[in-house]
Amino acid sequence: MRFTYPHTIDNGAGERLTFLRRVPGPRGDRLEVENVVAPGAGPPMHVHHHQDEALTVVEGRLGWERPGQAPGFAGPGETVVFAAGDPHRFWNAGDGDLRCRGHIEPADSIEYFLGQLFASARRRGGARPDPFDAAFLAHRYRREFTLVEIPAPVRRVVLPLQVAVGTALGRYRRYADAPEPVRR
């Protein structure tokens with residue numbers, strides 16, 4: 001899948017992410033990003049199995065958390081790094097918009113994965129993504145990303161069943177151009 005840069009995705013629930021450019025590197029492309037997050041908004045607990053993620057606060061207050069640890073906070077000029085395999089979540093812990101610059105390295109399928117999740121949420125008025133869309137994307141890209149808030153038995157048993165039902169119902173035509181998951 002090819003993208004033109006910069007390009008922006010918006011989930012309709014307070015998260016806007018602009019993919020600025022891909023920079024080739026020894027581990028694969030480094031995807032440079034900017035995000036704007038409304039107060040209280042942010043992604044759920046998740047893990048990038050092969051990607052490092054870094055966020056530098058430009059404006060506002062970033063809250064972040066790893067399982068079993070007290071929340072941390074960062075302000076303008078401070079950087080938070082989540083190493084590959086490090087479950088985490090972050091949110092806007094301030095009263096105004098949170099603006100960050102950062103990167104994800106290697107980029108792998110993150111643009112497609114997040115783009116489709118955000119588009120599904122927007123189609124539902126900014127609520128959570130459609131359960132069939134979320135099941136398809138979470139299952140297809142499970143070797144790259146995991147939404148930790150979905151219990152492991154649900155990820156292993158329920159999501160594949162939901163994908164089978166969605167396939168039988170013809171729910172996944174929009175994903176005909178979905179890139180193959182990265183395998184390492």
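With the side chain of which residue does the side chain of H46 make a polar contact? In this predicted model, the partner is the side chain of H48, at 3.3 Å. H46 itself belongs to strand β4, which covers residues 46–48. The relative accessible area of H46 is 10%, and the residue is therefore classed as buried, the cut-off for that class being under 20%. When residues up to four places away in sequence are set aside, H46 touches E53, D86, P87, H88, T146, L147 and V148.

The chain as a whole contains three helices and eleven strands, and their succession along the sequence reads β-β-β-β-β-β-β-β-β-β-α-α-β-α. For 184 residues, a compact globule would be expected to have a radius of gyration near 16 Å, and the value computed for the chain, 16 Å, agrees with that expectation. Along the principal axes, the C-alpha atoms occupy a box of roughly 50 × 35 × 30 Å. Buried residues make up 44% of the 184 residues, while the area exposed by the chain comes to about 9300 Å², of which carbon and sulfur atoms contribute 54%. Among the contacts in the chain with a separation of 6 or more, 68% are between residues that lie 24 or more positions apart.

Six of the strands are arranged in an open sheet, in the order β1-β2-β3-β10-β5-β8 and with antiparallel pairing. The edges of this sheet are formed by β1 and by β8 (79–82), each of which pairs on one side only. On average, and with direction ignored, neighbouring strands of the sheet are turned by 20° against each other. In general, the strands of a sheet pair through backbone hydrogen bonds, in either a parallel or an antiparallel manner.

The pairings can be followed across the sheet from the β1 edge. Strand β1, residues 7–10, is joined to strand β2, residues 15–23, by four bridges in the antiparallel sense, and within this pairing H7 has F19 of β2 as its bridge partner. The two strands constitute a hairpin with four residues between them, and G12, located in the turn, adopts a positive phi of about 75°. Strand β2 is in turn connected to strand β3, residues 30–37, through eight bridges, again with the strands running antiparallel. Two residue pairs illustrate this register: E15 is bridged to V37 of β3, and L17 is found opposite N35 of β3. The hairpin of β2 and β3 has six residues between the strands, and a positive phi near 120° is found there at G28.

Beyond β3, the sheet continues through β10, with which β3 forms an antiparallel pairing of seven bridges. N35, already noted as standing opposite L17, has C100 as its bridge partner in β10. Strand β10, residues 98–105, also pairs with strand β5, residues 52–59, in the antiparallel sense and over seven bridges; in this pairing, A54 faces H103 of β10. Helix α1, residues 110–123, lies across β1, β2, β3 and β10, and its direction is at about 45° to that of β1.

Several backbone features deserve separate mention. Most residues other than glycine have a negative phi, and most peptide bonds are trans. Against this background, two cis peptide bonds that precede proline may be noted. One of them, from Y5 to P6, has omega near -10°, and P6 is placed in the segment before β1. The other, from E105 to P106, has omega near -5°, with P106 situated in the loop between β10 and α1. D108 is likewise located in the loop between β10 and α1, and, although a residue other than glycine, D108 has a positive phi, near 50°. With a relative accessible area of 18%, D108 falls under the 20% cut-off and is therefore counted as buried.

Definitions and conventions: Residues are numbered from 1 along each chain as its sequence is written. This is a predicted model: local features need pLDDT of at least 70, side-chain atom pairs count only at pLDDT 80 or more; totals for chains, interfaces and linings use all residues. Side-chain values use heavy atoms; hydrogens and water are left out. Two strands pair if DSSP finds at least two bridges between them. Axes are lines fitted to C-alpha atoms, for helices over the stretch in contact, and angles run from 0 to 180 degrees between N-to-C directions. Contact means heavy atoms within 4.5 Å. The radius of gyration is taken over C-alpha atoms; the globule rule is 2.2 Å times the number of residues to the power 0.38. Buried means under 20% relative accessible area, exposed over 50%, partly exposed in between (1.4 Å probe, protein chains only). Accessible areas come from the Shrake-Rupley method with a 1.4 Å probe; for residues, only the protein chains shown count as cover. A polar contact is a pair of N or O atoms within 3.5 Å; within protein, one must be able to donate a hydrogen and the other to accept it, and residues adjacent in sequence count only if both atoms are side-chain atoms.
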